[in-house]
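Trainee: Hey, I've never looked at this one before. Can you walk me through it?

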Amino acid sequence: MERHPTNEMVLVESRSMRDQTIDRTHVLDKVKALVTLPDSFHVTTEMVATYFDVPLSTIESLVHNNRAELEERGYRTLKGSELTAFATPFGGVANLGLSPMARSLALFTRKAVLNVGQLLTKSEVSKQIRTYLLDVEERQTSAFQLPTSFAEALELAAAQARSLEQATAALEIAAPKAEAHDRLIANGNDHILNLVATELRVKVTQLRQQLQEWAWIYVRSADCGALQYVPYASKREYFSLKEKEIPHNSRENCWHVTLHVTPKGREAIRRKLAQESLEPAVTAQAQKLTDDEVINLFRRGA
């Protein structure tokens, strides 16, 4: 079956299509290298304008018109003490490319940058991003094609019947394991992020960055300036904070919080990582049935 390319402007026009493709932030670096702040996660408005090769005013206008959607993707503006806390680990606002007198800083996550690419119409880079996103989407769905003949319909029905039988058998085998898994989720212990990263076989720095990119956790500074990771309110069931006093040569009674992951959080992270690691589906032709299989299919009443 011939594939027809989808107009990339559908992403500009359809919020549901943007939601459907927003997690594919890896396409940013496939189209063009994205320069970030030293935390390897956040991007300033100027950096976004440079990435898309458009004037700063173009990005500012887009943010003004789509602020609510961008904030869902992690966009935010820091002011006052929040700006100071964010800039302190980098040596102050001057090291973030700001004037020492700057009172605010707009930050984009990688997901927010991708959102800009979905919406921006005045950039060749954004057009390439949308084309790439929709090409992946089309390849993922192209394997599911309607049958064009009665014979193909029979083959599809047989394949679906076999899949249902296999799935039913697998569920029967997995039921005791699922019950044990549910008990673990309900009664298991909280683990520190390093241990969770080891369990999932990923680097802890990569996992921490992913959690920030998903807008599950954010960074704040302790009184001594040390970075601490805190969950957003909507994800508190996935994390817990353990507070303890950290001795300092220069500061007494300094308390830090350490991020722990609950059993439910570990399962949610595992599922999210598995979802994002899926490669685009490759179109495959249906396996042809033999004459005997077709006859047996009719005998079973399919």
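Mentor: Sure, and one term up front: two strands pair if DSSP finds at least two bridges between them. Also keep in mind that this is a predicted model.

Trainee: Okay, so which residue stands opposite Val43 in E3?

Mentor: That's Phe108. Next door, Thr44 has Leu107 of E3 opposite it. Strand E1 covers residues 43-44, and its pairing with E3 is antiparallel, over two bridges.

Trainee: And what joins E2 to E3?

Mentor: Four bridges, with the strands running antiparallel; E3 is residues 104-108. In that pairing, Thr77 sits opposite Ala106, and Lys79 has Ser104 as its bridge partner.

Trainee: In what order do the strands of that sheet come?

Mentor: The order is E1-E3-E2, in an open sheet of three strands with antiparallel pairing. E1 and E2 are the edge strands, each pairing on one side only. Helix H6, residues 80-87, packs on this sheet and touches E2 and E3. The direction of H6 makes about 95° with that of E2.

Trainee: Is E3 mostly covered or uncovered?

Mentor: Mostly covered, with four of its five residues buried. Strand E2, residues 76-79, has two faces: Arg76 and Leu78 are on the covered one, while Thr77 and Lys79 are on the uncovered one.

Trainee: What about helix H7, how many of its residues are buried?

Mentor: Ten of its ten, across residues 110-119. The buried residues include Arg110, Lys111, Asn115 and Gln118, along with Val113 and Leu114.

Trainee: Switching topic: how many cavities of 30 Å³ or more does a search of the whole structure find?

Mentor: One. There's about 50 Å³ of space in it.

Trainee: Which residues line it?

Mentor: Phe41, His42, Gly74, Arg76, Thr109, Gln212, Ala215, Ile217, Tyr218, Val219 and Tyr232. You met Arg76 a moment ago, on the covered face of E2.

Trainee: Which strand gives the most to that lining?

Mentor: Strand E5, residues 217-221, which contributes three residues. Sorted by class, the lining has six nonpolar residues, four polar ones and one charged one.

Trainee: Is there another sheet I should look at? What order do E4, E8 and E7 come in?

Mentor: E4-E8-E7, a three-strand open sheet with antiparallel pairing. Its edge strands are E4, residues 191-192, and E7, and each of them pairs on one side only.

Trainee: How many bridges are there between E7 and E8?

Mentor: Eight, in the antiparallel sense, with E8 spanning residues 254-261. One pair to find on screen is Ile246, which stands opposite Cys254 in E8.

Trainee: I clicked on Phe239. Where is it found?

Mentor: Phe239 is in strand E7, residues 239-246.

Trainee: Buried or exposed?

Mentor: Phe239 counts as buried because its relative accessible area is 5%, and the cut-off for buried is under 20%.

Trainee: What is it in contact with?

Mentor: Leaving aside neighbours within four places in sequence, Phe239 is in contact with Leu211, Trp216, Ile217, Pro231, Leu259, His260, Val261 and Thr262. Ile217 also belongs to the cavity lining. As for Val261, its C-alpha atom is 4.4 Å from that of Phe239, though the two residues are 22 apart along the chain.

Trainee: Last topic, backbone angles. What's the phi of Asp53?

Mentor: Near 55°, which is positive, and Asp53 is not a glycine. Most residues other than glycine have a negative phi.

Trainee: Where does Asp53 lie?

Mentor: In the loop between helix H4 (45-52) and helix H5 (56-72). Asp53 is exposed, at 64% relative accessible area.

Trainee: And what does Arg201 have for phi?

Mentor: A positive value of about 60°, again without being a glycine. Arg201 is also in a loop, between helix H10 (193-200) and helix H11 (204-213).

Trainee: Is Arg201 exposed or buried?

Mentor: Exposed, because its relative accessibility is 80% and the cut-off for exposed is over 50%.

Trainee: Great, I'll go and find those in the viewer.

How values were computed: Residues are numbered from 1 along each chain as its sequence is written. This is a predicted model: local features need pLDDT of at least 70, side-chain atom pairs count only at pLDDT 80 or more; totals for chains, interfaces and linings use all residues. Side-chain values use heavy atoms; hydrogens and water are left out. On a 1 Å grid over the protein atoms alone, a cavity is a set of points where a 1.4 Å probe fits but cannot get out, and a pocket is an open set with protein on both sides within 12 Å along at least five of seven lines; lining residues have an atom within 4 Å of a point. Grid points are joined across faces, edges and corners, and a volume is the space filled by probe spheres set on the points. Ala, Val, Leu, Ile, Met, Phe, Trp, Tyr, Cys and Pro count as nonpolar, Asp, Glu, Lys and Arg as charged, and the others, Gly among them, as polar. Buried means under 20% relative accessible area, exposed over 50%, partly exposed in between (1.4 Å probe, protein chains only). Contact means heavy atoms within 4.5 Å. Axes are lines fitted to C-alpha atoms, for helices over the stretch in contact, and angles run from 0 to 180 degrees between N-to-C directions.
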